[in-house]
Amino acid sequence: MELIIDRVTKQYKNKIAVDRLSATLKEGVYGLLGANGAGKTTMMRMICGIAEMNSGEIRFGGEDIKAMGGKYRELLGYLPQDFGYYPNFTAMEFMLYIASLKGLDRSYAKNRSKLLLQKVGLAGEMRHKIKTFSGGMRQRLGIAQALLNDPKVLVLDEPTAGLDPKERVRFRNMIAELGKDRIVILSTHIVSDVEEIADWIFLMKQGQFITQGTLEDLKEHYLEVTGTEGMERFNLEKLYLFYFEEGEEKYDAV
Amino acid sequence: MMRYEWKKIFERRLNVLAMLSGYLLIGVVVFSYISQERFYDAATDSYVEGIEAYRMEQELARLQTDVITEEYVTELIGDIQSRGMDLESDEAYAEIIRPLDDMFYFVSKNYTDMRKSVTDLSALSRVDLRDGAKFYEHRMEKITDYLNMDFSYGNYTEAEKAYWLERAEHTNIPFRWGSKTVMSRLWELIFAETYLWFVVVICTSSVFSSEYESGAAYLLLTTKYGKDKLVWSKIGVSVLFTVGYLMVGALLALVPNMLFLGLPGADLPVQLWNSVIPYNITIGQTCLGGFGLGLLIAVTIALTLLCCSAGFRSSMATLVIGAAVIIAPMFFPMSKESGLWNHINYLFPGRAFNLKEMIGLYVSYAAGNVVISYAAMVVIVYVVISITALLLIRRMFVRVK
């Protein structure tokens, strides 16, 4: 199972949102870290096939995802950023609706929905209308729907946004668990989320990967670019701040 | 999947409000038509209202004649002419027109120039009765004269003339006579269903755009069936909703009519509405056909709006377009110079729905020897628009940006 992003570019009028990005993703959790407007959401939408790329190709299992169409979408789970829910649907109805769109058998969908709602802590609220849910509850519901079809590629755009610290910890664990047998791509600007669970981290700025690697790789990279001693005190936030706050021109795209 | 699409339509407060308002409006119109009908009872020199008025109109028609024969018309016009009254005067209205009710207008209209939109009340004073009223002969002469007239916006082609004359000549004569009032009211009710189009506009304008407005589209489009079955399911629900909503509206109009008045006159020839109509159909069939045409136009409007909804991704913009498509053309004037414009103008929803009017207008679309009647052209145009919209909706919705 391999997802290959091959020199993918996306341009909006005069702005290049994603600039010739390439990566090869296998089972594991991949963190896309970057400030707002770095191109994370565009990249994720292209992986999901809902944003057209100007050039390049994304392949899953050697096949172009565009050509795979429904076959690829069958393997995909997606949690978009700030997506609307249907306020008058109950949590269960919403899950069953998405399950029908994912082509799941109704009785399987029912059981799976119950299980997932339980997993995200919404078992007691499954008959409640979504309009009564808090932001965190909606986010949990969003994660649950993404898992309905047991996806091989799970794309989570800001999955921990709106969650309280306790919920975030719970989700980090859940995502780490999910990454064992599938490709999980999550974007966030919360550094600690990525630091905790991502096997591989991409730092994105102005549509390019400014650096990437495991946490260890990034430590070394940090030392290289800053010459700072004392690796034991390194955390990802330092690298993030180095690139995103201390200077605009401090990188060469990798 | 469709179940949830239904739910989305019925759980939007604006939709429900619009649906109920539409039906309420139909209810009010039905009630007013039934209760406010007036008939002049010559025996008591007073007006009768409501259901009794309809009953008396039918009774009068029965007493007048069963069939519009030459003899009957000659006798009728002879009687009118013998009174020597100015038929446009109040006195003539009280003594001749009012007691004859529909019959007077029907016969007068036959002798009124086809270019006149209102019945010439004095036309019967000028009818030469030496060889009888020649009612049906005059009908054909009138049609022939009209087809041969010079119009500033363009004349009929030879093919069109032949087409219409052939149709007119093959109309079944003599016409059967009876009261058509109930059916005329029913037609007006069917025509009132135009109001329900606005409900269709409100309910369909958000079908696709709301998914984009809420951001849910990004999720839906990543699911297995998000780019095909979902789209067809939304289209299916919207079309079924349009048809269902209008059908229920029609039933709301029809049932009280049936209960209180029945459907007298449904089997009468449509020529009782206008003697020049060149179609061998009954008034009931015309009402049914008109409703069918309204349904087709409503479905076309719905599909076009679904297309806009998917393309513009804004419910408000789609709503405005839908309302404009229905309302604006009603104010488009007919041209005195451009026949092309007039032929286009006839096809806009408000006009294209009026089958009763359309079948007596002698409007046709000709290309060489091929002549297509107005009604057929409406069907062709709206079916083509519907199919085009159907083909575009999916492309618009799944088009990634």
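The following exchange goes through a sheet in chain A and the two domains of chain B.

This is a predicted model, in which local features need pLDDT of at least 70 and side-chain atom pairs count only at pLDDT 80 or more, while totals for chains, interfaces and linings use all residues. Residues are numbered from 1 along each chain as its sequence is written, and chains are lettered from A and ligands numbered from 1 in the order in which they are written.

Trainee: Which strands of the open sheet in chain A stand at the edges?

Mentor: Strands here are DSSP runs of E with at least two residues, and helices are runs of H or I with at least four, numbered from the N terminus. Two strands pair if DSSP finds at least two bridges between them, and in chain A the order is β6-β7-β8-β3-β9-β10, with mixed pairing. A strand with a single partner has one side left without a neighbour in the sheet, so the edges are β6 (76–79) and β10 (208–213) of chain A.

Trainee: In β8(A), which residue is the bridge partner of A:V155?

Mentor: Strand β7 (residues 153–157) and strand β8 (residues 183–188) of chain A run parallel and are joined by 5 bridges. In β8(A), the partner of A:V155 is A:I185.

Trainee: How many residues of domain 1 of chain B are in contact with domain 2 of chain B?

Mentor: The assignment, which is automatic or from a database, gives domain 1 (2–35 + 178–398) and domain 2 (38–169) in chain B. Contact requires C-beta atoms, placed from the backbone, within 7 Å. On that basis, 26 residues of domain 2 of chain B meet a number from domain 1 of chain B that is 26.

Technical notes: Contact = placed C-beta atoms within 7 Å.
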